[in-house]
Amino acid sequence: MANFDSSQRDGFSSKFGVIAAAAGSAVGLGNIWRFPYVAGENGGGAFLLMYLAFILLIGIPVMMSEFSIGRRSQKNTFGAFKVLAPKSRWSIVGLMGIIAAFAILAFYSTVAGWTVEYLVNAIGDQFSGKSKEELGADFSSFASHDYKPLIWQMFFMILTAVIVLAGVKKGIEKYTKILMPILLVLIIAVCIRSITLPNASAGLKYLFYPVWSDITFNSVLMALGQAAFSLSIGMGCLITYGSYIKKDNNLFKTSFQVASADTLIAILSGVMIFPAVFSFGFQPDKGPDLVFIVLPNIFQTMPGGYIFSIIFFFLLTVAALTSTISVLEVVVAAFIEELKMSRKKATIVAAASISILGVFATLSFGQMGDFTIFGKTVFDILNYVSANILLTFGALLIVIFTGWRLGKSHFYDEVTNQGSIKQPLFKIIVFIIRYIAPVAIGTVAIASFFVKDLL
Ligand code: TRP
């Protein structure tokens, strides 16, 4: 569908569709396995309070900036800056976003592929009777296998591409509208199972009890970094989605709702994971080990574990999928509008080229494990460069653009729908966008060079 007339651009058809798609982007692997352990390690409840403050004070204003840039320009993330700041270098921000999309999707699809393998294993009852050591050995032999993880990664990329290919309304909106409510219901089901286990309160305490002495400068930075990654801000993902939002949509309300949904699911993920972990006397290991080794071990001993393991890996797969489609759409929208490709061609070219990069990320755990640059594997480099450099600088430049270049009247028009709705917080929002957000994000951006694995 190659049309370049913005009045005929594909777009979201309903308010719920906008929320499902944007929350679908935000809710992902970042919420389900990253948030819980980062919160647990960095002061539990104390981290949570900081995290909430960052979501409210910085996340929502940045999200509104991205939506406004997108809706104002009616363009993809690269084209948006060309339209709003002609003959300037601002489109470099859009280009950075597209590069970030390549990098994120390449390594994200590796982990997404693992979730599908584990879904299949869960269905096949593969965890039962195995010790933690055996499950650990299973995970490493799978991740380093010559072709199995590649097949699942390709499968996931094809699934992502099929939805993106169908378009914004008939693909992204249609599927996220179905998948997001399912996700919520399933998470609540697993939460109930988890908090009714014996000694569940130890896990809840780990997540919620504020340990102020665990708060360090580093954990403040972690909270901001996690908030940014989790909300999908900083690479124009929400600029692209913003360009599909109708003119009468209240962008403040939408941003608030999306951020609330994202935060709710992050917290529920903690409630789903920690009571179970503590109930069975495990330590909350971080990263891949928690989800791919500790949890399978718990599932096989827990009453109803077989069914809950299937639900858990299914919901992880769904959460990843609604995020990967949003990242692929960034590249596809840019290819359609900037390179004048059809949606079909753009999707195939984008998905295929990202997959090639993705192969290197996946092989980092096997054949290419010894191939390192500055001591990091391809997977680590893609993760590090996209999150620590491209996203933080992207978010910084986006707020500077909105606050200082877009012009207050354009932003006002977007936030109030041409003056037709009241926005009593407008002055505060502008103040945050101009001063508070740039300073806060700037601090993270600079600090991320010095603190390893910040985001
Ligand atoms: N927010 C998603 C998560 O938590 C990941 C993601 C999707 C993302 N699109 C993004 C992160 C754009 C940064 C920018 O898993």
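Which residue has a polar side-chain atom 3.2 Å from an oxygen atom of the ligand? I looked it up: that residue is Asn31.

**Ground rules**

I am reading a predicted model, where local features need pLDDT of at least 70, side-chain atom pairs count only at pLDDT 80 or more, and totals for chains, interfaces and linings use all residues. Residues are numbered from 1 along each chain as its sequence is written, and side-chain values use heavy atoms, with hydrogens and water left out.

**Entry 1: the ligand and its contacts**

I listed polar contacts, meaning pairs of N or O atoms within 3.5 Å. Besides Asn31, I found Tyr108, with an N or O atom of its side chain 2.6 Å from an oxygen atom of the ligand. Leu29 takes part through its backbone, with a polar atom there 3.2 Å from a ligand oxygen. I then checked the accessible area (Shrake-Rupley method, 1.4 Å probe). Taken alone, the ligand exposes 360 Å², and the protein buries 100% of that.

**Entry 2: the shell**

I counted a residue as near if one of its heavy atoms lies within 4 Å of the ligand. There are 16 residues around the ligand, and Ala26, Gly30, Tyr108, Phe229 and Ser232 come nearest. I sorted the shell by class (Ala, Val, Leu, Ile, Met, Phe, Trp, Tyr, Cys and Pro are nonpolar; Asp, Glu, Lys and Arg are charged; the others, Gly among them, are polar). The shell has eight nonpolar, eight polar and no charged residues. Helices here are DSSP runs of H or I, at least four residues long, numbered from the N terminus. At least two shell residues each come from α1 (15-26), α2 (29-41), α10 (217-230) and α14 (305-338).

**Entry 3: the largest cavity**

I next looked for cavities, sets of points on a 1 Å grid over the protein atoms alone where a 1.4 Å probe fits but cannot get out; lining residues have an atom within 4 Å of a point. I found three of 30 Å³ or more, a volume being the space filled by probe spheres set on the points. The largest holds about 190 Å³ of space. The ligand sits in this cavity, which requires more than half of its atoms to lie within 2 Å of the grid points. I noted 20 lining residues, with Ser25, Ile104, Phe229, Ser232 and Val327 nearest the centre. α14 gives the largest share of this lining, four residues.

**Entry 4: the second largest cavity**

What is the volume of the second largest cavity? I read about 110 Å³. Its lining has 13 residues, and Leu224, Ala228, Thr392, Ala395 and Ile441 are closest to its centre.

Note on methods. A polar contact is a pair of N or O atoms within 3.5 Å; within protein, one must be able to donate a hydrogen and the other to accept it, and residues adjacent in sequence count only if both atoms are side-chain atoms. On a 1 Å grid over the protein atoms alone, a cavity is a set of points where a 1.4 Å probe fits but cannot get out, and a pocket is an open set with protein on both sides within 12 Å along at least five of seven lines; lining residues have an atom within 4 Å of a point.
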